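Please read the points below with the sequence and the coordinates open. They concern confidence, the sheet, and the spaces enclosed by or open on the protein.

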Amino acid sequence: MAFPTETVYGLGADATNEKAVARIYEVKGRPKDHPLIVHISSMKLLDKWASEIPDYAIKLARAFWPGPMTLILPRTQLAKDFITGVQKNVGIRVPAHTVALALLKEYEAHGGHGVVAPSANRFGKVSPTTAEAVELELGDFLDSKDQILDGGSCKVGIESTIIDCTRSIATILRPGAITKEMIQEVIQEVIEDSSEFVNTLKNKIKASGLLSVHYSPKAEIFLSGQPGNGDGFIALDSISTPKGSIRLASPASVEEYAKILYASLRSADIKKISRIFIVPPKGDGLAHAINDRLKKASNGYKQKK
Ligand code: TXA
Ligand code: MG
């Protein structure tokens, strides 16, 4: 079942059912060694999935759950190889969306332990932020028994902040709406890790969001240069539209930028626009997370060529 969260739509399956989880990989076209995030309705259920939880992780959970944050922790027996990509760690998140929480609570009331949910897009593509976008992305791969829960458009618009809590210092693996600055207010010490560093660790962490190619529409993305006639253009509303280009989005704030970014990229594909020129927002925090996604989206095309 695809369902809305505050970040992006997820494609959910029983986290303890190997067959159901196998279908997620099939529908997404995702390599089996890329782990999935387990979604639960409350941090009270954290012990089921995670062991050796450091104090700083408890502080983060108290401060930011339900919310757009995923914690990577040593797994319990319940988190099997088929969801962790054979890693000893598991990603866990309590989403802040009434529909997602209602689904998780109902599921837990029926004996369920958790729902794994990657973003509901084909592997390497743009995450969906509306039910219609899920249908567009995955419609061809779903069957009549599969369902899409419609909860309107996602408030945050980009995927959760992922924090590795298996080391002595909290380490941001994927930036998101829970920013480094917000984390520092709660636990002081936090670092951000580049994919190169993560890959040199003994216990290799496989995180598809960490691949340099991701979040890619069909159109080619340019983060500098001038658009020509018929090219798409995305920038804050304070920046005017270059002559001849097609304005795809004019967000008034960085928050709105995150919220509408993926739908704007998708709209270019629908309008058959082949090049999108984007002026990334400046600054730390959420702007930093948007820049992370834009850089990866712009890499996609170069590698496809
Ligand atoms: O906002 C989100 O996190 C959304 C919504 C649906 O919750 N989910 C999402 O899932 O973005 P996905 O699978 O598209 O991206 C999760 C990322 C992947 O790059 C995955 O490899 C990484 O998290 N990940 C999951 N478990 C991990 C683990 N145990 N260690 C390291 N990375 C992990
Ligand atoms: Mg994803």
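The numbered points start with confidence and then go through the sheet, the cavities and the pockets.

1. Confidence. This is a predicted model. Its average pLDDT is 92, and 91% of the residues score at least 70. Residues 196-203 are a stretch where pLDDT stays under 50, and the model gives them 10 contacts beyond four places in sequence. Where pLDDT is low, the predicted coordinates should not be read in detail.

2. Sheet order. Eight strands make up an open sheet, in the order β3-β7-β4-β6-β5-β8-β9-β10, and the pairing is mixed. The edges are taken by β3 (13-14) and β10, each with a single partner strand, so one side of each has no neighbour in the sheet.

3. Pairing of β4 and β7. Strand β4 (residues 37-39) and strand β7 (residues 115-116) run antiparallel and are joined by two bridges. Opposite His-39 stands Val-115 in β7.

4. Strand β9 and its neighbours. Which way does β9 run relative to strand β8, parallel or antiparallel? The two are antiparallel, with three bridges between β8 (residues 161-164) and β9. A hairpin of five residues connects β8 to β9. On the other pairing, β9 and strand β10 (residues 190-192) run parallel, again through three bridges. Ile-172 can be followed in both pairings: Ile-163 stands opposite Ile-172 in β9, and in β10 the bridge partner of Ile-172 is Glu-192.

5. Burial of β9. Why is strand β9 described as largely enclosed by the rest of the structure? Five of the five residues of β9 (residues 170-174) are buried, so the strand is largely enclosed.

6. Cavities. The structure has two cavities of 30 Å³ or more. The second largest cavity holds about 40 Å³ of space. Its lining consists of Ile-172, Pro-175, Gly-176, Ile-178, Thr-179, Lys-180, Glu-192, Gly-285 and His-288. The bridge partners Ile-172 and Glu-192 are thus found among the lining residues. By class, this lining has three nonpolar, four polar and two charged residues.

7. Largest pocket. The largest pocket contains about 480 Å³ of space. It is lined by 17 residues, of which Met-1, Gly-12, Ala-13, Ala-20 and Asp-146 are the closest to its centre. At least two lining residues come from each of β3, α1 (18-28) and α5 (98-109). Helix α1 gives the largest share, four residues. The lining of the largest pocket divides into 11 nonpolar, two polar and four charged residues.

8. Second largest pocket. About 380 Å³ of space is found in the second largest pocket. Which of its 13 lining residues are the closest to its centre? They are Leu-136, Glu-137, Lys-218, Arg-266 and Asp-269. Both α6 (131-138) and α9 (254-270) supply at least two residues of the lining, and the largest share, three residues, comes from α9. By class, the lining of the second largest pocket has five nonpolar, one polar and seven charged residues.

9. The two pockets side by side. The classes can be set next to each other:

| Pocket | Nonpolar | Polar | Charged |
|---|---|---|---|
| Largest | 11 | two | four |
| Second largest | five | one | seven |

Methods
Residues numbered from 1 in each chain as written. Chains lettered and ligands numbered in written order. Predicted model: local features only at pLDDT ≥ 70, side-chain atom pairs only at ≥ 80, totals over all residues. Heavy atoms only, no water. pLDDT = per-residue confidence, 0-100. Contact = heavy atoms within 4.5 Å. 1 Å grid on protein atoms, 1.4 Å probe; cavity = no way out; pocket = protein on both sides within 12 Å on 5 of 7 lines; lining within 4 Å. Points joined across faces, edges and corners; volume = space filled by probe spheres on them. Nonpolar A, V, L, I, M, F, W, Y, C, P; charged D, E, K, R; others polar. Buried < 20%, exposed > 50% of the residue type's maximum accessible area, 1.4 Å probe, protein only. Pairing = 2+ DSSP bridges.
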